[in-house]
Structures are given as C-alpha cells and as structure tokens.
Amino acid sequence: MKRIAFLGPEGTVSQESARYFFAEGTYEFVPYALMSDVFAATADGTADYGVVPIENTIEGSVKHHIDLLVDSESLPIQGEWVYPSIQNLIGVKSDASVAERIAGLRKVVSKDVAIAQCHDFLRSRLPQAEFDYVSSTAEGVRIVKEAGDASIAAIGTRMSAELYGLDLLAENITDHDNNYTRFIVIGRERLSMRPPEQHKTTILVTLPEDYPGALHQVLSAFAWRRINLSKIESRPTKKKLGNYYFYIDIEMSLDSVLLPSALQEIEAIGCQVRTLGSYPYFSYSNRPNN
Ligand SMILES: O=C(O)C(=O)Cc1ccccc1
C-alpha cells in the first residue's frame with residue numbers, strides 16, 4: 001500500500017485534501033508534525049508521496065514550502081490539484097449558548113494561513129481575542145481539546161472537530177467563498193491516474209550575473225513559442241543578498257516538442273535551469289477522481 005505523508009496531526013486541511021486527491025485505490029495516510037518532516041519522510045522512502053500546500057488564494061505562495069521544495073533535490077513534483085479549504089471556529093463542548101461561548105473567547109489557536117483566511121470574521125466577531133500560532137490547524141484543535149478551556153477556540157476543519165470531540169461554534173468562517181489552496185504531491189514515482197486535460201512543468205531559473213535583460217530573454221523564449229506561464233516568482237538564493245532565482249510554472253509538459261527547445265535556449269544565454277517536475281494538473285472543476 002502506498003504511504004502518503006501529510007502535515008498532521010489527523011484532521012488538517014492537508015489530510016482532507018489528500019483524501020480528496022487520492023480517493024481511488026487504497027492508501028495509508030501518515031501524519032507528520034512539521035512540513036520538513038513530510039519532505040524528509042518522502043526523501044528517505046518512509047513515505048511514497050508527500051502532500052504540500054503550495055499556494056493560497058488569499059495568502060499567495062507558501063514561501064517556506066517553496067523553499068523546502070527547492071532544497072529537496074531528489075523529489076520531483078508529481079501532480080497538482082486545487083482544493084477549497086473551509087475553516088470553522090471550534091471550541092470545547094458546553095451547555096451555554098453559542099453566542100455566549102463566542103463572547104467568552106479570549107484566545108484563538110491555529111495555523112497562520114488559517115487565521116489569515118478568517119481575518120474579517122475574527123476582526124468583527126472576536127476583536128478581543130489574541131492569537132496563538134501553531135504548526136497546523138488540527139494541532140490547534142488538539143491543544144483546545146487538551147486544555148479543556150472554554151475561553152480558547154481553534155480554527156480548523158469539520159473533520160478535526162469530529163475527531164477530537166469538540167463543537168463547531170461557527171461554520172465556514174473563511175472570508176471569501178473563492179478561497180482555494182493549490183496542493184502539490186512530491187515523490188519519486190509517477191502517479192498513475194486518469195489522464196488530465198492539463199500538464200504543467202515547474203522550473204527554477206538562475207540568471208547569469210552581468211547580463212542586462214536576461215529575464216527579458218528568458219520570458220521571450222516562452223513568448224515567441226506561445227508557451228503560457230501561470231506563475232513567476234523570485235526567491236532569494238540565500239547565498240548572497242540580492243541574488244535571486246525565478247520559480248516558474250509553465251502550462252506545458254516537458255514531453256512536448258516546444259518546451260525542451262525553450263529551455264535549451266534559456267541555458268544557451270547562460271542561465272541555470274533546474275526542473276522541479278513535469279506533472280498532471282487538476283483544477284477544481286476537473287477533479288482527479290471524476
Ligand atoms: O494546517 C493545516 O490544516 C494544513 O494542512 C495547512 C493549511 C492550512 C490552511 C489552508 C491550507 C493548508
């Protein structure tokens with residue numbers, strides 16, 4: 001049975017999303033306390049695949065996860081999908097009314113991204129609350145359960161509230177209905193699933209120094225071939241202040257005729273190109289398990 005590593009404990013958005021993506025076949029879903037553990041377990045073969053939230057509608061790229069991906073040389077991206085994260089306000093069980101319980105909250109414990117996703121709700125309904133940032137949404141739920149304290153709430157999935165036997169104090173508290181998270185799966189083996197309509201390729205490009213207009217040349221190698229890019233983002237190389245690489249998502253498979261020649265052209269001007277993966281991509285309307 002294939003093992004799928006995800007950011008735990010049980011009940012995270014990542015786990016919900018992994019179950020949605022790997023809906024067909026039998027898999028073992030294995031929680032890890034930190035995203036770096038998810039990468040390490042996949043790298044050393046303890047897990048076959050690792051699930052990584054990489055970008056959010058509201059927050060943009062999860063920079064720490066992009067950096068982990070870049071640092072994990074041997075783990076190509078094998079697939080990408082989009083999942084709507086629905087967050088809820090979760091508290092200990094009590095006989096008091098929900099309004100009273102919300103009024104009595106002093107602290108909210110959750111993951112930074114989840115708190116950001118619910119910013120408007122928290123500002124209007126819980127202006128008095130302070131925030132504790134923890135490693136995942138389900139970890140916040142676990143902490144609330146352990147504390148057994150009615151003045152603390154977590155933000156997390158419905159699944160986590162059920163798992164820890166807590167109450168939903170408010171459902172679907174995310175600020176925007178179009179709040180989606182883009183997930184990738186890393187691993188050595190290709191995935192065997194229904195062929196998708198779209199493929200993507202992700203590359204890292206380091207520009208040569210002292211080459212004015214290098215980025216323009218990179219972009220034009222794609223432009224004149226009419227190859228669409230869906231994302232370009234610079235990240236510091238961390239080797240020297242002011243040195244960057246570009247993280248580029250390309251809407252084309254590396255198996256195509258055009259893309260390899262574009263990459264050759266970019267290398268020819270002195271850029272370093274590293275492929276992070278060429279993989280199937282599933283939008284939310286084109287679900288992997290339709
Ligand atoms: O903390 C979690 O539950 C995660 O899986 C990370 C996360 C949090 C919010 C949106 C998407 C992923």
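In this predicted model, Met35, Ser36 and Phe39 of helix 2 pack up against His64, His65 and Leu68 of helix 3. Sorted by class, that contact comes out at three nonpolar and three polar residues, with no charged ones. Helix 2 covers residues 35-43 and helix 3 covers residues 63-71. Their axes come within 10 Å of each other and cross at roughly 20°. Since angles under 35 degrees count as roughly parallel, helix 2 and helix 3 are therefore roughly parallel to each other. The crossing of the pair is right-handed.

Zooming out, the domain assignment splits the protein three ways: domain 1 (2-85 + 179-187), domain 2 (88-170) and domain 3 (199-276). Domain 1 is thus written as two segments, 2-85 and 179-187. Taken over C-alpha atoms, the centres of domain 1 and domain 3 are 24 Å apart. These two domains do touch: eight residues of domain 1 are in contact with seven residues of domain 3. On the domain 1 side, helix 3 and strand 5 (77-84) each supply at least two residues. Helix 3 has the largest share there, with four residues. So helix 3 turns up twice, once against helix 2 and once on the side of domain 1 that touches domain 3. By class, that side of domain 1 has five nonpolar, one polar and two charged residues.Next comes the ligand. Its shell holds 13 residues, and Thr12, Val13, Ser14, Ser136 and Thr137 come nearest. The elements that give two or more residues to this shell are helix 1 (13-21), helix 5 (112-117) and helix 7 (137-147). In terms of class, the shell is made of six nonpolar, six polar and one charged residues. As for where the ligand sits, both domain 1 and domain 2 give residues to the shell, so the ligand lies between these two domains.

Two bits of backbone geometry round things off. The peptide bond from glycine 8 to proline 9 is cis, with omega near 0°. Proline 9 belongs to the loop between strand 1 (2-7) and helix 1, and helix 1 is also one of the elements that give two or more residues to the ligand shell. The other case is asparagine 172, a residue other than glycine with a positive phi, near 45°. Asparagine 172 sits in the loop between strand 10 (167-170) and strand 11 (180-187).

Notes. Residues numbered from 1 in each chain as written. Predicted model: local features only at pLDDT ≥ 70, side-chain atom pairs only at ≥ 80, totals over all residues. Near = placed C-beta within 6 Å. Nonpolar A, V, L, I, M, F, W, Y, C, P; charged D, E, K, R; others polar. Domains from an automatic or database assignment. Axes fitted to C-alpha atoms, helices over the stretch in contact; angles between N-to-C directions. Parallel < 35°, antiparallel > 145°, perpendicular 65-115°, else oblique. Left-handed = near helix turned anticlockwise from the far one by under 90°.
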